[in-house]
Amino acid sequence: MTYTGAKVEIETEHIPNTLENPEWPLLIAGPCSAESEEQLLDIAVKLKNTRRISVFRAGIWKPRTRPNSFEGIGVRGLPWMQKVKRKTGLRIATEVANAEHVELALKYEVDMLWVGARTSANPFSVQEIADALKGADVAVLVKNPVNPDTELWIGALERISKAGIKKLGAIHRGFSSHEKSVFRNSPMWNIPIELKAACPQLPIICDPSHICGNTELIPFISQKALDMDMKGLMIEVHNNPPCAWSDAKQQLTPERYGELIYGLLLRSSLPLADESQSPLAKLRAEIDLLDDEIIQKLSLRMNISGKIGLYKKENNVKILQMSRWNNIVANRINMGKAMGLSEEFLKRYLDLIHQESINIQSAIMN
Ligand code: PEP
Ligand code: MN
C-alpha cells in the first residue's frame with residue numbers, strides 16, 4: 001500500500017512501555033468508564049498484578065451516540081484516577097473532547113490523553129484541543145475518525161503535532177459501516193496501513209475492544225494487530241463486565257485480560273526484507289484478507305439461518321423447503337459460473353452450506 005496524498009510532517013518521540021521487556025507493545029487497559037473510586041482501584045490493582053500493563057485507562061467524559069445513556073462521571077472522577085496513579089504507580093489515560101477537558105486532565109496529572117473517534121472527525125474540536133495542549137508535556141493518542149477517511153485522521157494528528165506534542169500516536173478502533181458485519185466497527189485494515197505508509201515513524205495502537213464490540217473476537221484482532229506491526233493495544237477491562245455502565249458486552253475481566261496478553265505471540269519485526277516484498281508474499285496477504293472476509297460473511301449467513309430456524313419453529317414450518325433451495329442452487333450456480341467458478345465446485349460448496357444451515361436449524365427446532 002502506498003500513500004498518494006500530500007506530504008505529512010509529524011515528529012514523534014518514543015512512548016516507553018515501562019514493562020520488563022522494552023520490546024513489548026504498549027499495553028493500555030482499564031474500564032470503558034470510571035464509575036467509582038473503588039471500581040478503579042480494584043481493576044488497576046488486578047491489572048498491575050498481571051505485570052502486563054503500561055498505562056491505565058478510564059473514560060471520565062463519555063461521548064455517547066444517543067442522549068440519556070451514561071455520559072461519564074465527569075471531573076469528580078479525576079481525583080480517583082490520581083489515586084490510582086499514586087497507589088499503583090501506573091500511568092493514567094483518559095479521553096478529552098474539548099479545551100476544558102484538557103485543562104482539567106492536566107491539572108490532575110493525567111499522563112496520556114486520547115481524542116475519541118467522534119471528536120477526531122471534527123477539525124474544530126481537534127483544533128480547540130490542540131490549542132489547549134500548547135506547551136504541555138503529555139502523550140496524546142488520536143483515534144481514527146468514525147468514518148474511514150485517512151486524510152481526516154492525518155489532519156487531526158497534524159493539528160496535535162503542530163501544538164508541539166511529540167509523544168504522539170494513533171489508535172485504530174475500526175470504522176462505522178453501513179454494511180452488516182460481525183464487528184461493531186469494521187477494522188478496514190487498509191486505512192491504518194495507509195496511515196503507516198504516510199507516516200512510518202508514527203506508532204499505531206489497536207483498540208480491539210471497540211472494533212469487536214464483544215469479547216470473543218478480541219484475541220484474534222489483538223494478534224492480527226501485532227502481526228500487522230501495530231505498536232500497542234488498548235483493551236477495555238472491567239471488574240464486573242455485565243454490570244458495566246457503558247460497553248458492557250466488550251469488556252474483559254482482569255483475569256481474561258491476563259490470559260489474552262500471555263497468549264499473544266510477539267513475532268519478529270525483522271522479516272526478511274526481500275521476502276515480505278516478494279510477489280508471492282503480497283498475493284498471500286491478499287488471500288489472507290479475503291479469507292477473513294469470507295469467514296466473517298459465512299458467520300453472518302449462519303446467524304441468519306438461526307433466525308430463520310427460530311421463525312420456522314414459532315410458526316410450525318418444516319425446515320426443508322426444497323423449492324426455495326432449488327432456486328438458490330440454480331441462481332448461485334449461474335452467478336458463480338458467470339464469475340469463472342466451476343459448476344462442480346459451486347455444487348459442493350452450496351451443499352456444505354446447506355447442510356450446516358440445516359444442522360443449525362435442527363438444533364434450534366429440537
Ligand atoms: C472509548 O475508548 O471508550 C471510546 C468511547 O472509544 P471510541 O472513541 O473509539 O468510540
Ligand atoms: Mn468504550
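This text walks through the ligand site and the cysteines of a predicted model.

Start at ligand 1. Its surroundings include Cys32, Arg57, Lys62, Glu95, Trp114 and Gly116. Ala117, Arg118, Lys143, Arg173, His210 and Glu236 are also among the residues around the ligand. Sort this shell by class. Seven residues are charged, three are nonpolar and two are polar.

Now look at individual contacts. Two lysines reach ligand 1 through their side chains. A polar side-chain atom of Lys62 sits 2.8 Å from an oxygen atom of the ligand. For Lys143, a polar side-chain atom is likewise 2.8 Å from a ligand oxygen. Ala117 contributes through its backbone instead: a polar backbone atom there is 2.9 Å from an oxygen atom of ligand 1. The cover is given as a share of area. On its own, ligand 1 has 300 Å² of accessible area, and the protein covers 97% of it.

Cys32 links the ligand site to the next topic. This cysteine belongs to the shell around ligand 1. Is Cys32 buried or exposed? Cys32 is buried, because its relative accessible area is 1%, below the 20% cut-off.

Turn to Cys206. Its relative accessible area is 0%, so Cys206 is buried as well. Which cysteine sulfur is closest to that of Cys206? The closest one is in Cys212, at 8.0 Å. A disulfide needs two cysteine sulfurs within 2.5 Å. The sulfurs of Cys206 and Cys212 are therefore too far apart for a bond. By this rule, the model has zero disulfides.

Note on methods. Residues numbered from 1 in each chain as written. Chains lettered and ligands numbered in written order. Predicted model: local features only at pLDDT ≥ 70, side-chain atom pairs only at ≥ 80, totals over all residues. Heavy atoms only, no water. Buried < 20%, exposed > 50% of the residue type's maximum accessible area, 1.4 Å probe, protein only. Near = heavy atom within 4 Å. Polar contact = N/O pair within 3.5 Å; in protein donor to acceptor, adjacent residues only side chain to side chain. Areas by Shrake-Rupley, 256 points an atom, 1.4 Å probe, with all protein chains shown as cover. Nonpolar A, V, L, I, M, F, W, Y, C, P; charged D, E, K, R; others polar.
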